[in-house]
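I opened this model to practise reading a structure step by step, and I kept notes as I went. The entries below follow the order in which I looked things up.

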Amino acid sequence: MALCVAAQAQAQDTAPRPVQPEETLEPPLATDELETAQPDLQDRNVEPAPPAADVPDDPDQIRFEAAEIEYDTERDIVVASGDVRLYRRSDRLRADRVIWNRATGEVVAEGNIVATSAAGDTAYGDRIELTDTLRDGVIENMLVVLEDGGRIAARRGTREDGVIIVADAAYSPCAVVDSEGCPKKPSWKITADRVVYNPDTGRIRYSGARIAVFGIASVPLPVFSHPAGGRSDDGFLEPDIRYSRTNGFQVSLPYYFALAPDRDLTLTPSVYSEVLPMLRVDFRELTPLGAYRVSAYGTYSRRSDDLTGPITSVTSKNDFRGYLDSVGTFQLDPHWSISESIRVTSDRTFLRRYDISRDDRLRNNIRVERIGSDSYFSVNAWAVQTLRVGERQELQPLALPEIDYRRRIDDVLEGRIELQLNTLAISRPDGQDTQRGFASARWDLRRLTPWGQEVVLTAYGRGDVYNADDIFQTTVPSYRGTEGFEARAIGALAVDIRWPLIGPAFGGTQRITPRFQVVAVPEIENLDIPNEDARAVDLEDSNLFALNRFPGYDRFEDSTRFTWGLDYALYLPGFSIDANVGQSYRLTSRPTLFPDGTGLTDRVSDVVGRTVVRWGDFVSFTHRYRLDKDNLAIRRNEVDTTIGSRATYIQLGYLRLNRNIGEDLEDLQDREEARIGARIQVARFWSLSGSALLDLTDRNEDVLSSADGFEPVRHRLGIMYEDDCLRLGLTWKRDYEDTGDARRGNSYLLTFAFKNLGR
C-alpha cells in the first residue's frame, strides 16, 4: 500500500496546471515526458455530494450547504466556503469554495470540485465557472466520469445544455486502478484535439484523434465517433484478420446497424487474397413473444462435386456458395411455444473451407410444444443435410410429422401411470419410406420397505402399427422390416430393488447401494418392423437398468433377464467419488437382436461401469468402461479429465471402442482417438491455450483401416491478452485432412478488439 500511496503522490505532483500569465513557457517536452503531459485520466480524491435529503417546493431553487456563508448585500454576492454543497433539481456541486453572483447568475467554484449531472455524469476540476442552473459552464483541468462508462480528461472544457466540449483531451473506458486500488495506465486511450460528448445521443465524437495501446502504439483516427459506455449505435466492429492455405489472407470488417432497441443488423464483408469476397448478414430481433436470429453467408467460387477426387477444371465449377443459419423461440402463452432451427448450406465443404463449422450433418427442426403440469404435446418436423463424403443426400430422412403426446395420472392403483401416443412419418427421395403409430401405457409403483429398500414395480404395454415402402433401398437387412403394414404388441413387467446403505466413513459420508432388477418381456417379432431410430445400440452404464436397452422405439428387447449392480459414493469435504458397476443375465438361449460386439449378444452380458472423481473445483475425472465377460478385455475405454482452475487447466480425453462389430453397421463402427486441450495463465492478463485431436484408429479397431494408429486430425495453439477493455490474440491452427476444396494446411487468426466501445 505504501507503494500505491507514493504513486498517487507522484501523479498529483506531475498533474498538469493551467499556465499562469507570469509563468515562462517551458521548452518542448521530450518524448519520454509526453505521456506525463497528456490529460490525467486518474481518479480524483474527491467524493461527489450525496443526493439532497429533501426536495423543495420550487425545483429551480438552489440550496446551499457550507461550513461558512458570507453575503455581500451591496454587490449581491454570496461566498460559501468549507465543504460547500449546491443542489438544484438533480444537479449537484461540491467544492471547497463557491462564489455566487446573484446579479449576473455566475457561479464560480474552486478547490476539489466535483459536479454531478442529472444523467449521472460526474465532472471534476480545479476551477469551474457555471451558470446558476449548475448545468452549463467552463471547467479547468477537467475529468468527466460518464455514467455509461468511460472517462474524459482535458485541460479545459465547457458544458452547454448538457453537451460537453473539450480541447486537448483524452478518453478511455478502461480501468485506471489495479486490483489493489493502485493507479495504472489504461490499456488503451484516445487523445484528440477536440472531443464532443452529447448525452442525448450517447455518442462521443473526436477531431484530430489518435488511439494509443499500452501507451506506445499510436494509430491516427482523423474523424472518429463511438457510443458512450455499453450503448448500441451504428458503426464498425472489431476486424477479423486471418490467413489460411486455401483462401489466403482474409480481412473481415463488420458494420453494425442498431435498427431499434430490440432489433439490429450486422453486415460483414470478407476480402480474400486467393478467392472472391464473401458477405455475411446477421439479423437479430427480440419480440414480445420471443427472439430469433438469422445468419446468411454468400459468395461465388469454385467448388468440387466429387469430394474423393482431385480438384480440376473438369471435376469442379464456379457457382454460388452459401449458408443459412436461423434459430428462434417464441412463447405464445404459459403453455404453448414454437421453436425453429434451420441450417442449410450450398455444398458439403463450404462450412469447413471458410472455417464456419465442422459439423458433418446439418439437422433442421421446427417444433410446436405444449407443456402442462401433467401433460406434454409436440409436433416436430425434421430434415437432415449430409456433408459426409460417400453419403447420398437422397437417402437422408425427412421426418414430417412427428407427433408425441404424453399424459401423467397420479394415484392409479396407488401408483403413477403415463400414457403416450406417438406417430412418425419418414420419407426419403430415393430410399425407404416408413410410417408408424403407437399407443402405450406405463404404470409405476414405488414403495419403501421397513428395512430401507426401495422397490419399484413397473407394468408396460404398447401397441404399434407400421407401414414400410421400398425396403430394399435399405442396404442392412436387419433395418428393413417387412413391406407394407405390420402390427406389433409389446408387454413388459419389471421389479427394481435398491438398498442404500449410508453411514459415516473416512471423515465423511459413504453410500453403498446394491441394486437388482428383473424384467420379463414375451417374445416379440421385431424383425418384421423397420428400424429407423434404434440402430446405435451399445451396452453402457446409462442403459444397464433400462426397461428397453435399445434407443428409440423401433426395437424392444424381449425375453426375461436379471440385472445386478452396485453403486458406491463417498463424500468428503472438497472430495467425492461416485461409481457404479453392473451386469445382466438373460434366461432364454434363442438368438438375440443385438449385433455382435454390443455386449448384449450372449446370455451373460459384458460388465459395464462408470467412475467419477472430483476434488473441489480443481480435478474432475470420469471413466466409463465395458469389459468382455469372457476374458475381461476392454471393449470400451473412455476417459475425460479436467485438472486446474478456471484460469489454468488441462483437459484430457481418450476413447477406444474395440467391440469387433462388422463394418456393415455404420452406426457402430469402432475407433480410437485422443483429445487434449489446455490453457495456462502466464500473467494476470496473458494466457496460452492449445488443443489437439489425434486419430489413433488402426487395424485393431477397423480392419479396413490403412492408418498407422497415429494420425493428427487438427491442432490449435494461441496466445491471448485480455483485460477489462482490450482483447489481443494470435492463434495458429493446422488441419491434416483434405475434403474436396477444404484443404489441409496452416491457418492463422489475429484477434484485436477494443472492448467497452459499445455496439
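Before looking at any sheet, I wrote down that two strands pair if DSSP finds at least two bridges between them, and that helices (H or I, at least four residues) and strands (E, at least two) are DSSP runs numbered from the N terminus. I also noted that this is a predicted model, in which local features need pLDDT of at least 70 and side-chain atom pairs count only at pLDDT 80 or more, while totals for chains, interfaces and linings use all residues. Residues are numbered from 1 along each chain as its sequence is written, and side-chain values use heavy atoms, with hydrogens and water left out.

**Entry: strands 34 to 36**

I began with strand 34 (residues 619–627), which runs antiparallel to strand 35 and is joined to it by nine bridges. Six residues lie between the two strands of this hairpin, and in the turn I found Leu632 with a positive phi of about 60 degrees. Strand 35 (residues 634–644) also pairs in the antiparallel sense with strand 36 (residues 649–657), over nine bridges, and here the hairpin connection has four residues. I used Thr641 as a landmark, since Phe621 stands opposite Thr641 on one side, and Thr641 stands opposite Leu652 in strand 36.

Which residues is Asp640 in contact with, leaving aside its neighbours within four places in sequence? Counting heavy atoms within 4.5 Å as contact, I listed Ser620, Phe621, Thr622, Leu652, Gly653 and Arg675. Asp640 itself belongs to strand 35, and its C-alpha atom is 6.6 Å from that of His623, although the two residues are 17 apart along the chain. Is Asp640 buried, exposed or partly exposed? Buried means under 20% relative accessible area, exposed over 50%, and partly exposed in between (1.4 Å probe, protein chains only), so Asp640, at 29%, counts as partly exposed.

**Entry: strands 39 to 41**

I then moved to strand 39 (residues 711–722), which pairs with strand 40 (residues 726–735) in the antiparallel sense over nine bridges, with three residues in the hairpin that joins them. Arg714 stands opposite Asp735 in strand 40. Strand 40 runs antiparallel to strand 41 (residues 745–754) as well, with 10 bridges joining them, and across that pairing Arg734 stands opposite Asn746.

I looked at Arg734 again for its place over a ring, where a charge sits over a ring if NZ of Lys or CZ of Arg is within 6 Å of the ring centre and within 35 degrees of the ring normal. Arg734 lies over the face of Tyr736, at 5.1 Å from the ring centre, and I also noted Arg462, whose charged end sits over the ring of Phe438 at 4.7 Å from its centre.

**Entry: aromatic rings**

How many aromatic pairs does the structure hold? I recorded 19, using the rule that rings of Phe, Tyr and Trp (its six-membered ring) pair if their centres lie within 6.5 Å, with planes under 30 degrees apart counting as stacked, over 60 as edge-to-face and the rest as tilted. The rings of Tyr243 and Phe249 have centres 4.9 Å apart and planes at 55 degrees, so I entered this pair as tilted. Tyr243 is partly exposed at 29% relative accessible area, whereas Phe249 is exposed at 55%. Phe214, Phe685, Trp686 and Tyr721 form one aromatic cluster.

**Entry: nonpolar cores**

A nonpolar core is a set of buried Ala, Val, Leu, Ile, Met, Phe, Trp, Tyr and Cys residues joined through side-chain atoms within 4.5 Å. The largest such core has 41 residues, and among these Ile152 and Ile204 touch the most other members. A second, separate core of 10 residues includes Tyr272, Met278, Tyr323 and Leu362.

**Entry: backbone details**

I found a cis peptide bond between Leu400 and Pro401, with omega about -5 degrees, and Pro401 lies in strand 24 (residues 398–412). Asp168, in strand 9 (residues 163–172), has a positive phi of about 50 degrees although it is not a glycine. Asp355 is not a glycine either, yet its phi is positive at about 55 degrees, and I placed Asp355 in the loop between helix 3 (350–353) and strand 22 (361–371).

**Entry: the whole protein**

Last, I noted that the protein has four helices and 41 strands, and that buried residues make up 41% of its 759 residues.
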